[in-house]
Amino acid sequence: VKAVKTYAYEGKGQKQSVDVNESIHATLIILAHKFREKQITLEKDFGANIAPLTCECSGLNQIWTNILDNAIDAVEQNGNIRIRTWEEESPDDPKSLRPKPRHYLHITIADDGAGIPLESQSHIFDPFYTTKAVGVGTGLGLGIVQRIVEQYGGTVTFASEPGNTEFRIRLPRERD
């Protein structure tokens with residue numbers, strides 16, 4: 001029940017602090033039936049003592065849901081999905097008006113599926129672009145992920161080859 005409440009009520013536009021590990025955990029509970037159905041092994045390496053993300057938080061769970069749902073679709077029966085979170089301090093951008101280094105939360109979600117075909121990689125964030133069969137995917141998920149991450153002032157990147165696709169999300173702990 002707590003996971004459903006966390007998932008459903010995360011954000012609502014007011015400034016708050018969100019535990020990213022807890023947010024991802026709530027999404028994993030919501031998607032647990034899909035992991036069980038395909039007998040997917042889930043490896044979690046959640047960083048300890050990660051500071052909360054301070055933001056007007058809405059949509060974080062959509063980031064995790066869309067990327068994890070794609071990973072679940074990509075892996076074969078008994079596949080593997082890995083999630084890792086950590087926090088890093090990055091040096092200040094010389095062009096920045098901020099006088100101090102910034103703290104970033106990093107999240108990676110990786111799977112051992114077939115990978116994203118090379119000819120599709122430059123299009124995966126495009127609206128309505130999908131590599132899934134007709135009626136299976138809308139082509140909206142990763143575009144939504146990119147939009148939400150950018151609204152947070154973060155970045156989303158990926159690397160993909162057969163047997164290893166990894167999405168990397170980098171979010172500033174606090175917005176300017």
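**Sheet, helices and core of the predicted model**

In this predicted model, five strands form an open sheet with mixed pairing, in the order E2-E4-E5-E7-E6. Strand E2 (41-46) and strand E6 (155-161) are the edges, each pairing on one side only. From one strand to the next, the twist averages 15°.

Within the sheet, strand E4 (residues 80-90) and strand E5 (residues 102-111) are antiparallel partners, joined over 10 bridges. One of the pairs brings together Glu-87 and Leu-105, the latter being the bridge partner in E5. Helix H4 (residues 60-74) packs on the sheet, where it touches E4, E5 and strand E7 (164-172), and its direction makes about 25° with that of E5. Helix H2 (residues 20-30), for its part, lies across E2, E4 and E5 and runs at about 165° to E2.

A good place to look next is the interior. The largest nonpolar core has 36 residues, and those with the most contacts inside it are Ile-63, Trp-64, Leu-68, Ile-81, Ile-107, Phe-167 and Ile-169. Two or more residues each come from H2, strand E3 (53-56), H4, E4, E5, helix H5 (141-151), E6 and E7. The most is given by H4, with seven residues.

Ile-81 shows how sequence-distant parts of the chain meet. Leaving aside neighbours within four places in sequence, the contacts of Ile-81 include Phe-35, Ile-40, Leu-42, Leu-68, Ala-71, Ile-72, Val-75 and Ile-109. Phe-35, in turn, belongs to helix H3 (residues 32-37). Phe-35 counts as buried because its relative accessible area is 8%, under the 20% cut-off. With the same neighbours left aside, Phe-35 is in contact with Leu-28, Ile-40, Leu-42, Leu-68, Ile-72 and Ile-81. Phe-35 and Ile-72 are 37 residues apart along the chain, yet 7.1 Å separates their C-alpha atoms.

At the E6 edge, the side chains follow a familiar rule. In a regular strand, side chains alternate between the two faces of the sheet. Along E6, Val-156, Phe-158 and Ser-160 point to one face and are buried, whereas Thr-155, Thr-157, Ala-159 and Glu-161 point to the other and are not buried. E6 runs antiparallel to E7, and seven bridges join the two strands. Among the paired residues, Ala-159 has Glu-166 of E7 as its bridge partner. The hairpin of E6 and E7 has two residues between the strands, and in this hairpin Gly-163 takes a positive phi near 90°.

Methods. Residues numbered from 1 in each chain as written. Predicted model: local features only at pLDDT ≥ 70, side-chain atom pairs only at ≥ 80, totals over all residues. Heavy atoms only, no water. Pairing = 2+ DSSP bridges. Helix = DSSP H or I, 4+ residues; strand = E, 2+ residues; numbered from the N terminus. Axes fitted to C-alpha atoms, helices over the stretch in contact; angles between N-to-C directions. Contact = heavy atoms within 4.5 Å. Core = buried A, V, L, I, M, F, W, Y, C linked by side-chain atoms within 4.5 Å. Buried < 20%, exposed > 50% of the residue type's maximum accessible area, 1.4 Å probe, protein only.
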